There are 2 protein chains.
Amino acid sequence: MLKQQETSIPQHRKVYEILRSHITGGVFGEGDFLPSENELCTVHHVTRPTIRKALDRLTNEGYIVRHQGKGSIVKGSPKGVGILSMTGTTSAIGQDNLTTTIIIKPEIRTWNQAFTFPLTKAEIESGCVYIERLRLVNGKPVFYDITMIPNVNLPRFTSRNFENKSLFDILRKHYHIEVRGGEQQLLAIVADEKMKGYFNVGQGHPILQLNRKIETSRAGFYIYSQVFCNTDEYVLYGTF
Amino acid sequence: MLKQQETSIPQHRKVYEILRSHITGGVFGEGDFLPSENELCTVHHVTRPTIRKALDRLTNEGYIVRHQGKGSIVKGSPKGVGILSMTGTTSAIGQDNLTTTIIIKPEIRTWNQAFTFPLTKAEIESGCVYIERLRLVNGKPVFYDITMIPNVNLPRFTSRNFENKSLFDILRKHYHIEVRGGEQQLLAIVADEKMKGYFNVGQGHPILQLNRKIETSRAGFYIYSQVFCNTDEYVLYGTF
DNA sequence: TTATTTCACTTGTATTTACAAGTAAATAGT
DNA sequence: ACTATTTACTTGTAAATACAAGTGAAATAA
C-alpha cells in the first residue's frame, strides 16, 4: 500500500471532505444509511480507525448519528452549520434565497479595535479590509453586516466580487483559510435610524445583534464581524 | 494489566471527565500546559490513542488547544461551554453570580407542542414536567426561562430542589442523562407586560428570545426550553 | 561570539489486531 | 404457528507499534 504524500492532507480529512460533500450534495439524503465502516475502508483504501476519525468529525458537526449495531444515519445537511455554530450567514439560510448588496465595497482602513474585541499590535499595524453588506432573504432585508479582516497576505482580495458569494467560501478556496471556531456576543437592541432605513422598519423595532471574533486555520488570523438581524420573519436557526 | 469492567464506562471517557474537572476546578488554569500525552498515559494507565480520544473531546469542546511539537494548552473553563454552544444558563455566566427564583415549581402538565417544536405521540402521551424560573446575575434579573421535560422515568424529579442548581447537572448526576447537542432559534422581541414586570424594564424594551430543543444521551429524550434574556448589562457570550 | 546542526521532546497520522456489545434476520426447537 | 437461539452483521473500545512533523534547547562548528 503506497503512502499518501502528494498533498500532505491527512487521509481522514480527505474521507471527511468526501463524505461531507456527499451529504451536502444530496448523494446521501436525510435518514439514509451511510455505508458501513468496513465498506468505507475498502472503498477509500484506509483502515477503520481512519474512517472512524472522519465519522467522528461528521458526528460532532451533526451531519450523522451513529447507532451501535445498526449503522451511521445521515441527519441533515444545511442545518448542521447554522449561523450560531460555525460559519457565516450564507450557510444559515441556504444560498438559493440569499442575495447580497454591497453597501461599502472592500476598502483598506485603519482600526484600533474590532467592535468590542481588542486587537493585537500586529493587527492594528496591518490595517483591515472593511466591508458592509446588506443581505436579503427572498427579497427582504434580513441581515446587515460589517466585516473586518486583517490586511495581511491576501493578494487581490479587495478587487474580488463579493456579490452573492460566501466570504468564507472565498477564503477557503482562494486563500486556504478555514474557519475553526470563534467567540461571539449576542444582544437585543432597538433599531437606530440607519437600521430603520436598511430594514424598512418603524420606531422601536427590536434587532438582534451579533459580535463575532472568528478563528481560522491560519494562526493569529481572526475575522471580525458584526451582524444585525431583523428576526421578524426569519429567526436565526442553528444546531449545537 | 487488568481489564476495565467494574462500571462499563470507557477509559477515554473517564480520562476526559478527570481532565475536564481539573480544568473547570482550577487545577489547570488558562494558559497552563497539560501534561504530555505520554505522561498522561503512565498516570492513567492507558495508551496514547485512548488519551488522544479524551483530548480530542476536550479540544472539540474548547477546553484546550493543541500545538504540534509544543503541547496542549488550557484555553478556558467556563466560556468553553457558553449558552450558545452547549448546555444551559449556568455554565454561560458562572455559577457564582447566578441565583435562581422558581416562578412555577416543577409540575406535571399535558402538552401538545413545545414552543415552536412539534412533539412525537409518545412525548404527548407521557406529559411533561413544567418549570418556570427567573434567574438573576449579581442580583439583577437577566434570564426568564420555561423548561419542559418529558415525564418519563424520572423518579422523584418534581420533588427535587432546583434553587441555584443547574438542571443539566441534576440530570447528569442523578439520572445519567447527558446533553449531546440540539437546535435552537433566536429572535429579538419587545418585552410584553409579563417580561416588563420580571425584568423591571419599560415599554418597548428589546428582549432576546431563545427556543431550544436539546438532545440528550437517552435516545428520543429531548428537553425543550424557552429563554428570555435582558441583554442590557449582560450580553450572551459563547464560543463555537 | 555567532550561526548551524543535532537531538530530545512534543503532537499528528496511520496501521494492525483483538475483543465487546448492540441489532436484526435466519434458523432450530417446541 | 410461535418462541428461543444462533449467526452474521453493525459500531464501540483498546492496545501495541511505527513513523511524520513541528518545537526548542543544547551541543557543535564556524
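Which residue of β7(A) does Leu134(A) stand opposite? I looked there before anything else. Leu134(A) faces Tyr144(A) in β7(A). I keep in mind that this is a predicted model.

**Entry: strands around β6(A)**

I followed the pairing outward from that position. β6(A) and β7(A) run antiparallel and are joined by 10 bridges. The two strands make a hairpin with two residues between them. In its turn, Asn138(A) has a positive phi of about 50 degrees. I then checked the pairing of β6(A) with β3(A). Strand β3 (residues 98-109) of chain A pairs with strand β6 (residues 128-137) of chain A over nine bridges, in the antiparallel sense. Here I noted Ile104(A), which stands opposite Glu132(A) in β6(A). I added one general reminder: in a regular strand, side chains alternate between the two faces of the sheet.

**Entry: the β1(A)–β2(A) hairpin**

I moved to the hairpin of β1(A) and β2(A). Strand β1 (residues 64-67) of chain A is joined to β2(A) by four bridges, and the two run antiparallel. Val65(A) is set opposite Ile73(A) in β2(A). Three residues lie between the strands of this hairpin, and Gly69(A) takes a positive phi near 90 degrees. Gly69(A) also turned up in my DNA lookup, among the residues that come nearest to DNA strand C.

**Entry: the DNA strands**

How many residues are around DNA strand C? I found 25, and those that come nearest are Pro10(A), Gln11(A), Pro49(A), Gly69(A) and Ser36(B). Both chains contribute elements with at least two residues each: α1 (11-24) and α3 (48-60) from chain A, and α2 (37-44), α3 (48-60) and β2 (71-74) from chain B. By class, I listed four nonpolar, 15 polar and six charged residues for this surface.

For DNA strand D, I found 24 surrounding residues. The closest are Ser36(A), Glu37(A), Pro10(B), Gln11(B) and Gly69(B). On this side, chain A supplies at least two residues from each of α2 (37-44), α3 and β2 (71-74), while chain B does so from α1 (11-24) and α3. The surface near DNA strand D divides into four nonpolar, 14 polar and six charged residues.

I also checked one arginine. Arg13(B) is found in helix α1 of chain B. It counts as partly exposed because 14 other C-beta atoms lie within 10 Å. The C-alpha atoms of Arg13(B) and Thr50(B) are 8.9 Å apart, with the two residues 37 apart along the chain.

**Entry: the core**

Where is the largest nonpolar core? I found 30 residues in it, and Leu208(A), Cys229(A), Leu208(B) and Cys229(B) have the most contacts inside it. In each of chains A and B, β7 (140-150), β8 (179-190), β9 (206-216) and β10 (222-229) supply at least two residues apiece to this core. I opened up Leu208(A). Beyond its neighbours within four places in sequence, its contacts in chain A are Leu186(A), Ala188(A), Cys229(A), Thr231(A) and Leu236(A). Across in chain B, Leu208(A) is in contact with Leu186(B), Leu187(B), Ala188(B) and Leu208(B). A general point goes beside this: in soluble globular proteins, nonpolar side chains tend to be buried together.

**Entry: chain A as a whole**

I counted seven helices and 11 strands in chain A. Of its 240 residues, 33% count as buried. For contacts in chain A with a separation of 6 or more, 60% come from residues 24 or more positions apart.

**Entry: positive phi outside glycine**

Most residues other than glycine have a negative phi. I looked up two exceptions. Asn200(A) has a positive phi of about 60 degrees, and it sits in the loop between α7 and β9 of chain A. Asn200(A) counts as exposed because it has 11 C-beta neighbours inside 10 Å. His45(B) also has a positive phi of about 60 degrees. Its place is in the loop between α2 and α3 of chain B. His45(B) counts as exposed because it has 12 C-beta neighbours inside 10 Å.

**Entry: confidence**

I closed with the scores. The model has ipTM 0.61 and pTM 0.67. Chain A averages a pLDDT of 80, and 83% of its residues score at least 70. Over residues 1-7 of chain A the pLDDT is below 50, and this stretch has one contact beyond near neighbours in sequence. In chain A, confidence is lowest in helix α4 (residues 89-93), at a mean of 47, and highest in helix α7 (residues 193-199), at 94. Residues 78-96 of chain A stay under 50, yet the model has 51 contacts for them beyond four places in sequence.

Note on methods:
Residues numbered from 1 in each chain as written. Chains lettered and ligands numbered in written order. Near = placed C-beta within 6 Å. Nonpolar A, V, L, I, M, F, W, Y, C, P; charged D, E, K, R; others polar. Buried ≥ 20, exposed ≤ 12 C-beta atoms within 10 Å, placed from the backbone. Contact = placed C-beta atoms within 7 Å. Core = buried A, V, L, I, M, F, W, Y, C linked by C-beta atoms within 7 Å. Pairing = 2+ DSSP bridges. pLDDT = per-residue confidence, 0-100.
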